Amino acid sequence: MDAIVQTLARELGQREDYVDHVVQLLEEGNTIPFIARYRKELHGAMDDTTLRNLETRLKYLQNLQARREEVLRSVETLGKLTPELQRAVESAGTLAEVEDLYRPYRPKRRTRATVAREKGLEPLAAELNRQDGRDPAVLAAAYCNAELGVETVEEALAGASDILAEEISDDAAVRQALRQLMAKRAVLTSRAADPEKDSVYRLYYAFSSPVARLQDHQILALNRGEKEGFLKISLALPGAEGQALVCRHALKPGRTVSQFVKAAAEDAYTRLIAPAAERELRGSLTDRASEGAIRNFSLNLKPLLLQPPVRGAVTMGLDPGYRNGCKVAVVDPTGRVLDTAVVYPTFSRQKEQEAQKTLLDLIRRYAVRHIAIGNGTASRETERMTAEMLRQAPGVSYAVVSEAGASVYSASPLAAEEFPMYDVNLRSAVSIARRLQDPLAELVKIEPQAIGVGQYQHDMPQKRLTEALEAVVEDCVNAVGVDVNTASASLLRQVAGLHAATAQNIVTYREVHGPFTAREQLRKVPKLGPKAYQQCAGFLRVPESSELLDHTGVHPESYPAARKLLALLGFGEGKDRTGLAQKAEALGWEQAAEACGVGVPTLRDIARELEKPGRDPRDELSAPVLRRDVMELKDLKPGMLLTGTVRNVIDFGVFVDIGVHQDGLVHISQVTDQFIRHPSQVVRVGDVVQVAVLEVDPKRGRICLTMRNLPKEAKA
């Protein structure tokens, strides 16, 4: 374990003692959110992303060590373990290197070399491999044996060649060298399976690129095009570089070149090594691109979940549609459904007027202040109708929200349990309204893959994608905190230390016993043991508690320290705590921490919570853009300055909602004047940005935008 800790510390640029503490905390069953928030002194205040990277890498290194030990035991059982091989296995830095070293000893299926060995030709192969200048035909004549199936010299030489080819193919040094060469020098070529057939992959119908320069989104597009039968892809090294490399390894320096061994090496490369190397390189490229895409998903998902809620207002949700009409749901400020309806504004002008009348009646009856419109089918028509209607409803505004995953949620058992009285379509309208009120609370009910931020989500390794996105959801939920008396079971299950059963038990407990009035009551929830309580308590808020600290993110284990800090700085019960952090700064954080019996990072967190009990970190982010009017594609002109909301950030650019039905694209080259490797270095989902229109293509429904060279007043 010491070696693993040293490796992790070196790779992550962290102190060994900090890494060692994290490893111990993980082994003790602590969750990442708990470690990140409440054990900062032990790990130097690493953030949740660093801790999760550490956890992922730790699992890999532990698996690597276990595989090393397994391989060494297996080779030792065969009686073939040498000190050199043991050192090589123990120093192997990747699973691929370990498998290369184990390859000669791994049980194989029956091969041409296996058959040749059964015919007694292995000694001949060894003699030929000495490359001492003797005539191969003369050596082979001694191994002709009709009873063993070797009737001619040619058959003996062919069998010996098969054995040599397999031994060369199994050489770990050969495979490692070829792997490195292909990563640097191989060229990927893509051709159309049918040049006459048009597709979205036409860009790749005559495509060639060194693999070292391939972008992740290109790799994923090529893979999908190949899978769908539009593309044919190949990998190759320039000239005969791969074959030459294998021959150099096989031929002994300082000897007369053995044409026999050279031919066996060329056969090894062509028949055994090159196909495997190509598969491995394609696999590694896909793995790299998938990890990049998953990382991009995670980067996009976090700000989407952390969009500021639009609180304290009755909200109307509109789920647009053509044939089945526009579904309507009105919810109160807590998300409780007040009324529902279905209108048909796209059928005719008369039906549109009837729809407006129905919606205006609902707006006035329930004092609706905001309208959330789903961005799917018929969204443009519904938005236009809404904007026209709002001329008769002063003070009411609307926002277009992503409805990605709403249909998945509305058809789920969870939605059926939550809204058994409504059909699937109306549940979707409720979800859209709630997404504007509290995006996080609503989006946690949906599988993260269905939320639709990123690219090629269906091509990702689903287990890895699910793990990564669920980790983001967990981090977001715990960063915000959860009201234990209003949260759904879906939201509670994302709290550190809780799972589906304990989350449901919390809901059941409050239904039976009434709202929680203290954090300590959580200990009475069935199956919520001491460890689970330790992990979850700090993230669960109890606004109904008479203990103010129960309203905050201060962990119960730090309550004594919080009270000592208040007394130390002269803040009594009920006193305004504005300026508490400044007073602690004036006193000295180290001195205050020592007096309170905690570390400085923990004390800083306590002070921040005491200054603003119940604060929501989402309130510090850009608020959603609420509109009262609508623009159409034909209204856009090059040079027009607009305010928009970032909807998606991908490898080659940023999609921005500027108030028309179609999102505009800011190509990566138009995001900033400086060179960037990825748009996420500058913007993230949910950001409100200023853009200028570069080009509009009405026929293709495309809008090209820029964030560069804007007037100073536009950037402000």
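**Close-up views of a predicted model**

**View 1. The lining of the second largest pocket.** Here the lining residues split into 23 nonpolar, 17 polar and nine charged; Ala, Val, Leu, Ile, Met, Phe, Trp, Tyr, Cys and Pro count as nonpolar, Asp, Glu, Lys and Arg as charged, and the others, Gly among them, as polar. This is a predicted model, where local features need pLDDT of at least 70, side-chain atom pairs count only at pLDDT 80 or more, and totals for chains, interfaces and linings use all residues. Residues are numbered from 1 along each chain as its sequence is written, and side-chain values use heavy atoms, leaving out hydrogens and water. A pocket is an open set of points on a 1 Å grid over the protein atoms alone, where a 1.4 Å probe fits, with protein on both sides within 12 Å along at least five of seven lines; lining residues have an atom within 4 Å of a point. Strand 11 contributes the most to this lining, five residues (strands are DSSP runs of E, at least two residues; helices are runs of H or I, at least four; both numbered from the N terminus).

**View 2. Helix 24 and its surroundings.** The end C-alpha atoms of helix 24 (residues 500-513) lie 20 Å apart, agreeing with the 20 Å that its 14 residues should span at 1.5 Å a residue (1.5 Å times one less than the number of residues). Its buried residues are T502, A503, N505, I506, V507, Y509 and R510, and they pack against helix 23 (489-492). Buried means under 20% relative accessible area, exposed over 50%, partly exposed in between (1.4 Å probe, protein chains only); contact means heavy atoms within 4.5 Å. Just after helix 24, G514 adopts a positive phi of about 90°.

**View 3. Two cysteines.** C326 counts as buried because its relative accessibility is 0%, while C704, at 31%, counts as partly exposed.
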